[in-house]
Amino acid sequence: MVVSVRRWLRRIIFVLLLSIFTITMYGGCRLLAVWIAPDDPYRVPQGHALKVFHAFDQQEGENGSIAERLRLFYWYGE
């Protein structure tokens, strides 16, 4: 039986790279999910407020940065 060291070495390198890329991708997705999610969606309103929907100022939405608009897009799904 012939055992090829190069072949096994390539397999080990492939498994290591696959593991590293998988962990990196998972971490990136987690960071993106944390960035998109609201700070505290179940926060108790202050004072006499009964707000159930956060409607921000129209000018703020139009003048916001592209990253903020993209965040709202993924957050609301619209």
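Helices here are DSSP runs of at least four residues, and strands are runs of at least two, both numbered from the N terminus.

**Entry 1: getting my bearings**

I am looking at a predicted model, so I keep that in mind throughout. My count of elements in the chain gives three helices and zero strands. Reading from the N terminus, I note the order as α-α-α.

**Entry 2: confidence**

How far can I trust what I see? I looked up the pLDDT, and the chain averages 82. I also noted that 81% of the residues score at least 70. Which element has the lowest mean pLDDT? That is helix α2, residues 58–63, with a mean of 56, while α1 has the highest, at 95. I add a reminder for myself: where pLDDT is low, the predicted coordinates should not be read in detail.

**Entry 3: inside and outside**

Next I checked burial. The chain has 78 residues, and buried ones make up 5% of them. I then looked up the exposed area, which is about 7900 Å² for the chain. Carbon and sulfur atoms supply 65% of that area.

**Entry 4: a nonpolar patch**

Which residues make the nonpolar surface patch? I wrote down Leu9, Ile13, Leu17, Ile20 and Phe21, which together cover about 490 Å². I picked Leu17 for a closer look and found it in helix α1, residues 5–36. Is Leu17 buried or exposed? Neither: Leu17 counts as partly exposed, because its relative accessibility is 40%, and that value falls between the 20% and 50% cut-offs.

**Entry 5: a positive patch**

I found a positive surface patch as well, formed by Arg6, Arg7, Arg10 and Arg11. Arg7 is one of these residues, and I located Arg7 in helix α1. With a relative accessible area of 48%, Arg7 is partly exposed.

**Entry 6: the salt bridge**

How many salt bridges are there? The count comes to one. Arg71 forms a salt bridge with Glu68, and I noted 3.9 Å between the closest N and O atoms. Where do Arg71 and Glu68 lie? Both are in helix α3, residues 66–76, and they sit three residues apart, about one turn of the helix.

I compared how covered the two partners are. Arg71 counts as buried because its relative accessibility is 17%, under the 20% cut-off. Glu68 is partly exposed, with a relative accessible area of 34%.

**Entry 7: what I keep**

My short list to remember: the nonpolar patch that includes Leu17, the positive patch that includes Arg7, and the salt bridge between Arg71 and Glu68.

Note on methods: Residues are numbered from 1 along each chain as its sequence is written. This is a predicted model: local features need pLDDT of at least 70, side-chain atom pairs count only at pLDDT 80 or more; totals for chains, interfaces and linings use all residues. Side-chain values use heavy atoms; hydrogens and water are left out. Buried means under 20% relative accessible area, exposed over 50%, partly exposed in between (1.4 Å probe, protein chains only). Accessible areas come from the Shrake-Rupley method with a 1.4 Å probe; for residues, only the protein chains shown count as cover. Patches are made of residues with over 30% relative accessible area and no salt bridge: like charges are joined within 9 Å, nonpolar side chains (Val, Leu, Ile, Met, Phe, Trp, Tyr) within 5 Å. A salt bridge is a side-chain nitrogen of Lys or Arg within 4 Å of a carboxyl oxygen of Asp or Glu. Lys and Arg count as positive and Asp and Glu as negative; His and the chain ends are not counted. The place of a charge is taken as NZ of Lys, CZ of Arg, CG of Asp or CD of Glu. pLDDT is the predictor's confidence in each residue, from 0 to 100.
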